[in-house]
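This report walks through one protein model. It starts from a single residue and works outward to strands, helices and domains.

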Amino acid sequence: MSVSTIAEKAGESVAAAPHALPAWVYDHAELHRLELERVLLPTWQIVCHVNSIPRAGDYETLDLGPESVVVVRGADSGVRAFHNVCRHRGARLLDGAGRCPGTITCPYHGWTYRSDGALIGVPTKERFPGLDRAEHGLREVRVEIAFGFVFVAIAGDPPPVAQSWAAFREELAPYEIERMMPLGPITTELWDVDWKLAMDNYLESYHVPIGHPGLNRMFTPDYEDQASVPTIARGVSWLREQESPRWSERLYQRHVARVVTNLPEPYRRCWRFFSALPNLGIDIFPEQMDFFQVIPRGPGRCAIRSGVFALPDARPEMRALRYLGSRINTQVNDEDRRLCGRVQRGLASSSYRPGPLSGLESCMLEFHDRLRERIPELRLPHPPRQFAGAH
Ligand code: FES
Ligand SMILES: [Fe+2]
């Protein structure tokens, strides 16, 4: 049934763009399942940086909805990705990040796999008459390494990452992201916010002057998110000449261009923000960079999975600069989490109707348009009848 038919049957009108999505879509179990299936699983997802898993047997996992993937460095130094699921009775093999030198052993009955996925050990193998080990290796997941990051596509056939990001290759080159090292483990932070709402927030800078007073003190107000490349929005913020009255912001402004010697001059004075649909953000600062993924964790809840990376540089002044940068960004992250939480609570009110979007929210609108393409029911002001009972 088409969406308009569904809407007519329900006696409802289709919400006109450009307005925000209707409230129900930010907290709905059946829709959440469809989003995973149609939007998130068939897109490239970062698992880690190649330098997060430098030695043979190093691994990192990524959980997304019902799926779990493990990326492993092989004995031949190759990076491979597998479904993190035992071929015997399906036990989850590995958690988080770590090292399995030699083999990966299932914690349930001890089936053992090589780092290239081959099944090499089965306890009491004689009790599995006719078992063909070659048929029971770990299932591979498509993997691509782009600017040093290991991406996986769990389902579908998305175009190569390098192709989607090609327009930014030159702009990114001076940062040498592929040479960077992790500054710590990948972390996850739970937000009581639907994943789409978190992405909406990352896709517009309209909220920055009011929502992030620190950023407003440090950067000129001419930032705007540019959607010049399909599915990727990019914003650049330039440091103000005028110093912030806050000590951490002021010290950062004063010293960043002097401490960061590896970048050309204009690069030392700007922060670059990339938001790649559907759920990836990449922030590049002169002294370090981070990625974050908005991982759905059920309707109305998500986890922000992120990692911070930088070029090797042990100078105390660089350590101090990274501390200042992280301190400022921790504050920004807290502000975003609180602001998104306020929206999530507001959307639950019976009084809410989607409001109009400004030209400054065009990247968010592109996100919504792409979601509507994949899941036409998102156009409806209320959940369609066939979703009833799933909530
Ligand atoms: S489920 Fe892995 S060995 Fe049995
Ligand atoms: Fe923000």
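Leaving aside its neighbours within four places in sequence, which residues is methionine 289 in contact with? The model is predicted, and in it methionine 289 is in contact with Tyr175, Ile177, Met180, Ile282, Asp283, Ile284 and Phe309.

**The core**

The largest nonpolar core has 76 residues. Met289 is among the members that touch the most others, together with Val47, Val69, Val71, Val152, Ala198 and Cys302. Domain 1 (1-41 + 177-382) and domain 2 (44-157) both give residues to this core, so it lies between them. A second core is separate and has six residues, including Tyr252, Val256, Leu324 and Ile328.

**Strand S18 and its partners**

Strand S18 covers residues 302-310. Is S18 mostly covered or mostly open? Mostly covered: seven of its nine residues are buried. Three strands pair with S18 in the antiparallel sense, namely S11, S12 and S17.

| Strand paired with S18 | Bridges | Residue pair |
|---|---|---|
| S11 (residues 181-182) | two bridges | proline 182 opposite phenylalanine 309 |
| S12 (residues 187-191) | five bridges | threonine 187 opposite serine 306 |
| S17 (289-296) | eight bridges | methionine 289 opposite phenylalanine 309 |

Phenylalanine 309 thus appears in two rows: it stands opposite proline 182 and opposite methionine 289. Phe309 is also on the contact list of methionine 289. In a regular strand the side chains alternate between the two faces of the sheet.

S17 and S18 form a hairpin, with five residues between the two strands. Glycine 298 sits in the turn and has a positive phi of about 100 degrees.

**Two helices**

Helix H2 runs over residues 29-40. Its 12 residues reach 15 Å from first C-alpha to last, close to the 16 Å expected at 1.5 Å a residue. Which residues of H2 are buried? They are Leu31, His32, Glu35, Val39 and Leu40. These residues cover an arc of only 100 degrees around the axis, which puts them on the same side of H2. Their cover includes strand S2 (58-64), strand S17 (289-296) and helix H10 (362-374).

Helix H10 has 13 residues, which should span 18 Å at 1.5 Å a residue. Its end C-alpha atoms are 19 Å apart, which agrees. The buried residues of H10 are Cys363, Met364, Leu365, Phe367, His368 and Leu371. What do they pack against? The list holds H2, helix H5 (195-202), strand S13 (226-229), strand S14 (232-238) and strand S15 (270-276). H10 is part of the cover of H2, and H2 is in turn a partner of the buried residues of H10.

**Between the domains**

The domain assignment of the chain gives domain 1 (1-41 + 177-382) and domain 2 (44-157). How far apart are the C-alpha centres of domain 1 and domain 2? They lie 31 Å apart. The contact takes 16 residues from domain 1 and 16 residues from domain 2. On the side of domain 1 that touches domain 2, the elements giving two or more residues are H2, S11 and S17. The largest share of that side, four residues, comes from S17.

S17 therefore links several of these topics: it helps cover the buried residues of H2, pairs with S18 over eight bridges and gives four residues to the domain contact.

Conventions:
Residues numbered from 1 in each chain as written. Chains lettered and ligands numbered in written order. Predicted model: local features only at pLDDT ≥ 70, side-chain atom pairs only at ≥ 80, totals over all residues. Expected span 1.5 Å × (residues − 1). Buried ≥ 20, exposed ≤ 12 C-beta atoms within 10 Å, placed from the backbone. Arc of directions from axis to C-beta. Contact = placed C-beta atoms within 7 Å. Core = buried A, V, L, I, M, F, W, Y, C linked by C-beta atoms within 7 Å. Domains from an automatic or database assignment. Pairing = 2+ DSSP bridges.
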